[in-house]
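Let's walk through a protein model together, one piece at a time. Keep the picture at hand and look for each part as it comes up.

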Amino acid sequence: GGQELVGRLTELGAGVEVVAADMSDPEAVKDLVAGIDPARPLTGVIHAAGILEDAVLSAQTPEGLTRVWGPKARAAYHLHHATAHLPLTHFVIFSSAAAAFGSPGQANYAAANAYCDALAAHRRALGLPGLSIGWGLWAEASGMSGGLGEADLARITRTGFRPLATERGLALFDAALARGRAGALAVDIDPGAALASGGQGDAPVRALLRTLAAGAARGPVRRTAANGRAASPAADLADRLVALPPDEQERLLLDLVRTNAASVLGHADAGAVRGDVPFKELGFDSLTVVELRNRLAAATGLRLPASLAFDYPEAGALAAHLRQRLAPDGAGPPGTGTGTRAGGSVDPLLTELGRIERGLSTLDLDDEARRLLARRLTGLLSAVDGGGAGAREEAGDGADTTFDGVESATDDEIFELIDREL
């Protein structure tokens with residue numbers, strides 16, 4: 001589209017020159033600035049470059065960070081140094097709302113844009129012009145957003161961010177320039193959708209949106225008759241499961257998994273997700289798998305791993321796993337029947353453990369409380385094991401029986417051990 005843009009600008013009376021330069025190379029940027037005709041001196045800079053290389057946090061690499069950081073943050077840094085001596089009227093960086101709000105799978109991109117935001121503030125502190133605009137998604141497809149599918153756009157819209165129409169975006173650009181500050185967010189927000197997304201399990205409402213969303217979309221809150229507190233989806237689900245036989249529990253949880261999976265993928269009907277088809281074949285990737293985990297964690301009140309949909313790759317298998325976590329006293333996995341599995345005498349204990357697990361998910365524990373709880377549960381694990389697996393040692397009065405290495409483990413490692421063993 002470069003030639004078309006040149007033609008349109010020329011028709012409007014502008015003189016246009018297009019130069020290809022590697023903006024992540026400081027010498028190339030210096031030469032570019034130095035090569036500008038003194039008869040038409042440089043008076044303003046708009047830095048609008050950027051690329052995406054999305055991945056969940058555990059999949060981020062130094063190479064991926066470098067590729068995203070170069071055209072965005074490093075180029076802005078080089079432009080800053082190459083023009084600091086010039087009497088510019090404006091120095092505008094196209095940043096992203098991801099730097100302010102966070103964006104799933106975009107840690108590298110959010111970091112690069114956060115640097116740009118800081119650079120604009122730094123320039124203004126030096127007495128230089130500087131403005132960083134944190135854009136939301138534009139409706140008109142670009143080189144960066146052109147690869148987004150319908151499911152991606154639906155996921156973004158569910159969080160309360162509507163794609164910006166071009167006319168609206170240009171108006172926000174003018175408003176940001178007139179505002180005269182180092183930073184501005186240029187987004188089209190639907191507060192009601194933002195609040196609803198936090199209540200339906202995507203993730204908690206972003207802190208920067210919480211007050212706005214609550215004020216714009218405040219609705220009736222259902223409360224329990226017993227204590228007047230707002231009822232949670234997890235509590236509702238637990239109450240419903242208790243009243244159902246095992247086969248109905250399975251059906252309810254399968255519907256829960258299919259409904260949330262369909263919503264994450266942008267389908268209006270849960271029928272689009274079959275219980276025996278792998279999530280990967282349905283179109284799930286690392287980002288949508290995490291979103292599904294977040295939704296199910298909110299709906300069930302359970303602490304669930306990010307790899308949940310990879311560990312249980314079909315809706316039916318995942319529903320069976322959730323049933324075992326939520327209602328272990330009624331039956332074994334689907335298809336094994338009820339009351340016939342070995343060790344049926346431990347059912348009352350499994351019931352109690354299920355209640356404890358649900359209780360843990362509602363507690364806000366400090367480090368000391370977590371250590372005490374982990375120590376007690378580790379002792380229980382040792383008692384269950386009966387001395388047959390793992391190296392253990394007695395400490396003190398015998399209450400601190402531990403697996404080998406537990407004393408030096410972090411809190412998160414302790415809880416991972418508890419989750420795995422229980």
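## Starting from one residue

Setting aside its neighbours within four places in sequence, T288 is in contact with V264 and G283. Where does T288 sit? You will find T288 in helix α13. Is T288 buried or exposed? Its relative accessibility is 7%, and buried means under 20%, so T288 counts as buried. Bear in mind as you look that this is a predicted model.

## The helix around it

Helix α13 covers residues 286-300, which makes 15 residues. From its first C-alpha to its last it reaches 21 Å, close to the 21 Å expected at 1.5 Å a residue. T288 has plenty of company in being hidden: eleven of the 15 residues of α13 are buried, so the helix is mostly covered. Among them are L287, V289, L292, L296 and A299, but also E291, R293 and R295. After α13 comes G301, whose phi is positive, near 80°.

## Two nonpolar cores

There is a general tendency to keep in mind here: in soluble globular proteins, nonpolar side chains tend to be buried together. In this model the largest nonpolar core has 27 residues, and the members that touch the most others are F279, L292 and L296. Helices α10, α11, α13, α14 and α15 each supply at least two residues of this core. Its largest share, eight residues, comes from α11.

What does L292 touch, leaving aside its neighbours within four places in sequence? Its contacts are V257, N260, A261, V264, F279, F284, A309 and L318. Notice V264 in that list, for V264 is also in contact with T288.

Apart from this core lies another, of eleven residues, including V33, A82, C116 and L119.

## The sheet

Now turn to the strands. Four of them form an open sheet in the order β1-β2-β3-β5, with parallel pairing. Why do β1 and β5 each have one side without a neighbour in the sheet? They stand at the edges with a single partner strand each, so one side of each is left free of a neighbour there. On average, neighbouring strands of the sheet are turned by 20° against each other, direction ignored.

Two of the pairings can be set side by side:

| Strand pair | Direction | Bridges | Residues opposite each other |
|---|---|---|---|
| β2 and β3 | parallel | five bridges | V92 and L131 |
| β3 and β5 | parallel | four bridges | W135 and A186 |

The side chains along β5 alternate: A184 and A186 point to one face and are buried, while G183 and L185 point to the other and are not.

Helices lie across this sheet too. Helix α5, residues 107-125, lies across β2 and β3 and runs at about 155° to β2. Helix α7, residues 166-179, lies across β1, β2, β3 and β5, running at about 150° to β3.

## The whole chain

Finally, step back to see everything. The protein chain has 18 helices and eight strands. Of its 422 residues, 33% are buried. Among contacts between residues at least 6 apart in sequence, 63% join residues at least 24 apart. The accessible surface comes to about 23600 Å², and 56% of that belongs to carbon and sulfur atoms.

Terms used
Residues are numbered from 1 along each chain as its sequence is written. This is a predicted model: local features need pLDDT of at least 70, side-chain atom pairs count only at pLDDT 80 or more; totals for chains, interfaces and linings use all residues. Side-chain values use heavy atoms; hydrogens and water are left out. Buried means under 20% relative accessible area, exposed over 50%, partly exposed in between (1.4 Å probe, protein chains only). Contact means heavy atoms within 4.5 Å. Accessible areas come from the Shrake-Rupley method with a 1.4 Å probe; for residues, only the protein chains shown count as cover. Two strands pair if DSSP finds at least two bridges between them. Axes are lines fitted to C-alpha atoms, for helices over the stretch in contact, and angles run from 0 to 180 degrees between N-to-C directions. The expected span of a helix is 1.5 Å times one less than its number of residues. A nonpolar core is a set of buried Ala, Val, Leu, Ile, Met, Phe, Trp, Tyr and Cys residues joined through side-chain atoms within 4.5 Å.
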